[in-house]
Amino acid sequence: MSNNSLDKDKIKILLLEGVHQSALDALHDAGYTNIEYHKTALAEDELIEKISEAHFIGIRSRTQLTEKVLEHANKLVAIGCFCIGTNQVDLDAASAKGIVVFNAPYSNTRSVAELVLGQLILLLRGIPAKNAACHRGGWIKSAVGSYETRGKRLGIIGYGSIGTQLSVLAESLGMEVCFYDIVTKLPLGNARQIKSLKELLSTSDIISLHVPETNSTKLMIGAKEVSQMKKGSIFINASRGTVADLDAVAEAIKSGNLGGAAVDVFPVEPKGNDEEFVSPLRGLDNVILTPHIGGSTMEAQENIGIEVAEKLIKYSDVGTTTAAVNFPEVALPAQADNHRILHIHENRPGVLSKINAIFSENNINITGQYLRTTEKLGYMVMDVDAEEGELALEKVKEVDGTVKARVLF
Ligand SMILES: NC(=O)C1=CN([C@@H]2O[C@H](COP(=O)(O)OP(=O)(O)OC[C@H]3O[C@@H](n4cnc5c(N)ncnc54)[C@H](O)[C@@H]3O)[C@@H](O)[C@H]2O)C=CC1
Ligand SMILES: O=C(O)C(=O)COP(=O)(O)O
């Protein structure tokens, strides 16, 4: 499969899920005007139809770019996830088609950490239940079951960008922070890594999840783990809905084993704001339910829009793949008066020697060459004299093992 480079107005960009205006502005400023914009995710049929015509797609957490959907993405060169998580994209299927995936790994970290901090303060005071009672005309003026944060133990599962940010904020309130992570991590401040998940669960006053969706995190908090949590403790999940068994959480809330919960992410989430939200946690007063808005602040969304749009622009303009999620990373200068051949190939013996032989047999002068590989993919970039660009592209496309080849003018 190969793509030639096109005039910018022919490069079709599909933006879904209401990515921030800052992304549109950045793309327009860079000369990309052929943009189709949707405020919501698309149903699979429509997504397949639209993606088959797109060169770039921008999504958030809702759009599932499965192997089936990507099978139809024959013109697609890059995917921009305007969020942190990339679990909604079949990364192997994207790599196999030479499609680069970018995300915004830090732009909404602070927003999630702040939301969780606010939730844990409210839950420690029993505010959600008191608030609900007031709305119904009730009046629960009581200190019973209400606590300050000082000295309480926060157990963080997943001590990455968000977990560490939360750790620092929680310590500033005088909380004791412990964490569990599959990787040995340098604790910030006075935080402590705990080697056993069971120990973290059974000793923490608040448990907060900050792991990605992977095979190892799927249902990592099941009925057994919920039962190991300290009586009356608080459970918070703003990571991914597949990580925790919400039926078990709901049962523990009803029985009083858990004192409260805040949940932002769900195994099945409505596709848009007009679809009904269904969850076993509905109707429980001491549970804060939020519609997957951990990263939804004006600051975060604006920054994400700029960051991911810039990554797409740099890849489209010069071939740079720095900070790609699934791809060999190459930082490239602008190609001056040359033509630039981008050759994505299977990383196996013989491909490079074949490419070099082609250049020498056809007397094509290479003025710059860059190569990076991952285990499965090779990404080779060659600058050639402008008059030789078309010939060079035609020849490298024929190399066995070629996944995708393009020329940038
Ligand atoms: N609710 C929302 O709107 C948002 C949700 N998120 C979710 O939060 C997740 C975490 O984000 P970051 O902190 O930026 O990710 P990160 O990659 O910086 O940190 C994740 C941490 O989890 C650890 N981990 C992985 N598997 C584990 C396991 N089985 N057990 C224990 N630890 C494990 C990793 O070693 C790493 O330290 C994202 O992947 C995303 O799914 C992110 C942003 C917004
Ligand atoms: O950044 C993430 O991983 C999130 O979960 C945020 O997703 P969203 O962009 O709000 O759909």
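## Domains and how they meet

In this predicted model, the centres of domain 1 and domain 3 are separated by 24 Å, taken over C-alpha atoms. Where these two domains touch, domain 1 supplies 11 residues and domain 3 supplies 17 residues. On the domain 1 side of that contact you will find 4 nonpolar, 6 polar and 1 charged residues.

To get your bearings along the chain, note that domain 1 is made of two stretches, 9-103 and 298-327. Domain 2 covers 109-289, and domain 3 covers 328-408.

## Nonpolar cores

Let's look inside the protein. The largest nonpolar core has 62 residues, and those with the most contacts inside it are A78, I79, F82, I99, V100, V101 and I341. Domain 1 and domain 3 both give residues to this core, so it lies between them.

There is also a second, separate core of 50 residues, with L154, I206, I236 and I253 among them.

V101 makes a good example to follow by eye. Leaving out residues up to four places away in sequence, V101 touches I79, C81, T86, V89, L91, A94, A324, V325 and N326.

## The ACT region

An unreviewed UniProt entry lists residues 340-409 as "domain: ACT". Over this stretch the chain is 29% helix and 43% strand. The C-alpha atoms at the two ends of residues 340-409 are 7 Å apart.

## Around ligand 2

Which residues surround ligand 2? They are R60, S61, R62, C83, I84, G85, N108, H292, G295 and S296. Sorted by class, this shell has 6 polar, 2 nonpolar and 2 charged residues.

Definitions and conventions
Residues are numbered from 1 along each chain as its sequence is written. Chains are lettered from A and ligands numbered from 1 in the order in which they are written. This is a predicted model: local features need pLDDT of at least 70, side-chain atom pairs count only at pLDDT 80 or more; totals for chains, interfaces and linings use all residues. A residue is near a molecule or strand if its C-beta atom, placed from the backbone, lies within 6 Å of it. Ala, Val, Leu, Ile, Met, Phe, Trp, Tyr, Cys and Pro count as nonpolar, Asp, Glu, Lys and Arg as charged, and the others, Gly among them, as polar. UniProt positions are given in the numbering used here, feature names are shortened, and annotations may be inferred rather than shown by experiment. Helices (H or I, at least four residues) and strands (E, at least two) are DSSP runs, numbered from the N terminus. A nonpolar core is a set of buried Ala, Val, Leu, Ile, Met, Phe, Trp, Tyr and Cys residues joined through C-beta atoms within 7 Å. A residue is buried if 20 or more other C-beta atoms lie within 10 Å of its own, exposed if 12 or fewer, and partly exposed in between; C-beta atoms are placed from the backbone. Domain bounds come from an automatic or database domain assignment. Two residues are in contact if their C-beta atoms, placed from the backbone, lie within 7 Å.
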